[in-house]
Amino acid sequence: MPTKTRRYRPAKNVINYVDKTARIGRNVKIWHFAYVGSDTVIGDNVMIGSLSHIDYKVRIGDNTRIEGCVYIPPLTIIGRDVFIGPAATFTNDPYPKSKRLAGLVIEDGAVIGARSVFRPGIRIGKNSVVAMGSVVTKDVPEEMVVIGNPARVAYSRQEYEKKKEKWETSPETKTI
Ligand SMILES: CC(C)(COP(=O)(O)OP(=O)(O)OC[C@H]1O[C@@H](n2cnc3c(N)ncnc32)[C@H](O)[C@@H]1OP(=O)(O)O)[C@@H](O)C(=O)NCCC(=O)NCCS
C-alpha cells in the first residue's frame with residue numbers, strides 16, 4: 001500500500017471519476033471513463049483501464065494492472081503484482097438484492113483471465129492463474145491454474161511459466 005498518497009490528477013485529456021476520498025499512490029494511471037469509489041486505496045504503479053468500475057472501500061496493491069471493462073465491487077482486496085484481464089467480473093452479493101455483501105480477496109501475483117466471473121467472498125490464491133472465461137465458484141489454491149465452468153484445477157503455475165516461456169521464445173510465435 002502507498003506510504004504517501006495524494007489527490008489524483010488525471011492525465012491531460014483523460015476524463016474519469018475518482019472520488020475525492022480515494023487515496024492514490026505514485027505513478028498511477030487511470031484511463032478514460034473509469035470510476036473509482038469512495039475510501040478506495042490504490043498502491044503505486046497501478047494501471048486501471050478504460051471503462052473499469054472500482055467501487056468503494058476497495059484496496060489495490062502496488063504494481064497491479066487492471067485492464068478495461070473490469071468490475072470490482074465494494075470491499076474487494078487485491079494484492080500486489082496482480083494482472084486482471086479485460087471484462088473480468090467480481091461479485092459481492094450472492095442473492096441480490098441482499099442486505100449482506102461479501103468482498104473477495106485476490107492474493108499477490110494472481111493472473112485473472114479475460115471475462116472470468118467470480119462468486120462473492122472467495123479467495124484467489126497467491127500466484128494462481130484463472131483461465132479466460134472461467135466461472136470461479138470456490139477458493140482458488142495458491143500457485144495453481146484453474147480453467148472452466150465451474151473452474152477446476154488444471155495444472156501448476158510452474159507449468160504455466162514453462163508454457164509462457166516456450167510461447168515467448170518460439171520462433172513461430174507471431175508478435176505485434
Ligand atoms: C489458461 C490458459 C493459459 C490455458 O492455456 P493452455 O494451457 O495453453 O491451454 P491449451 O490451449 O493447451 O488447451 C488445453 C485444453 O484446455 C482447453 N482450454 C484452454 N483454455 C480454456 C479456457 N479458457 N476455458 C475452457 N477450456 C480451455 C482447450 O480447449 C484444450 O482442451 P482439449 O484438451 O479438450 O483440446 C489460457 O486459456 C488463458 O486463459 N490465457 C489467458 C488469456 C487472457 O485472458 N489474456 C488476457 C490478456 S488479453
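In the predicted model, helix H1 lies largely in the open, because only one of its 13 residues is buried. The helix comprises residues 157-169 and reaches 18 Å from its first C-alpha to its last, close to the 18 Å expected at 1.5 Å a residue. In an α-helix there are 3.6 residues a turn, so residues three or four places apart point the same way.

The secondary structure of the chain as a whole comes to one helix and 21 strands. The radius of gyration is 16 Å, close to the 16 Å that the globule rule gives for 176 residues, and the chain is therefore as compact as a globular protein of that length. Along the principal axes, the C-alpha atoms fill a box of roughly 45 × 45 × 25 Å. Of the 176 residues, 33% count as buried. Among contacts in the chain with a separation of 6 or more, 18% are accounted for by residues 24 or more positions apart.

Strands S20 (residues 144-147) and S21 (residues 152-156) run antiparallel and are joined by four bridges. One residue of this pairing is Ile-147, whose bridge partner in S21 is Arg-152. The hairpin formed by S20 and S21 has four residues between the strands, and Gly-148 in this hairpin takes a positive phi near 105°.

Both Ile-147 and Gly-148 also belong to the set of residues that surround the ligand. The other members of that set are Gly-85, Gly-113, Ala-114, Val-129, Ala-131, Met-132, Gly-133, Val-145 and Lys-163. By residue class, the shell around the ligand divides into six nonpolar, four polar and one charged.

A further site considered here is Asp-93, which lies in the loop between strand S13 (89-90) and strand S14 (105-106). With 15 other C-beta atoms within 10 Å, Asp-93 is partly exposed, since a residue is classed as buried at 20 or more such atoms and as exposed at 12 or fewer. When residues up to four places away in sequence are not counted, Asp-93 touches Ser-98, Leu-101 and Pro-120. The C-alpha atom of Asp-93 is separated by 46 Å from that of Pro-171, a residue 78 positions away along the chain.

Terms used
Residues are numbered from 1 along each chain as its sequence is written. This is a predicted model: local features need pLDDT of at least 70, side-chain atom pairs count only at pLDDT 80 or more; totals for chains, interfaces and linings use all residues. Helices (H or I, at least four residues) and strands (E, at least two) are DSSP runs, numbered from the N terminus. The radius of gyration is taken over C-alpha atoms; the globule rule is 2.2 Å times the number of residues to the power 0.38. Two residues are in contact if their C-beta atoms, placed from the backbone, lie within 7 Å. A residue is near a molecule or strand if its C-beta atom, placed from the backbone, lies within 6 Å of it. Ala, Val, Leu, Ile, Met, Phe, Trp, Tyr, Cys and Pro count as nonpolar, Asp, Glu, Lys and Arg as charged, and the others, Gly among them, as polar. The expected span of a helix is 1.5 Å times one less than its number of residues. Two strands pair if DSSP finds at least two bridges between them.
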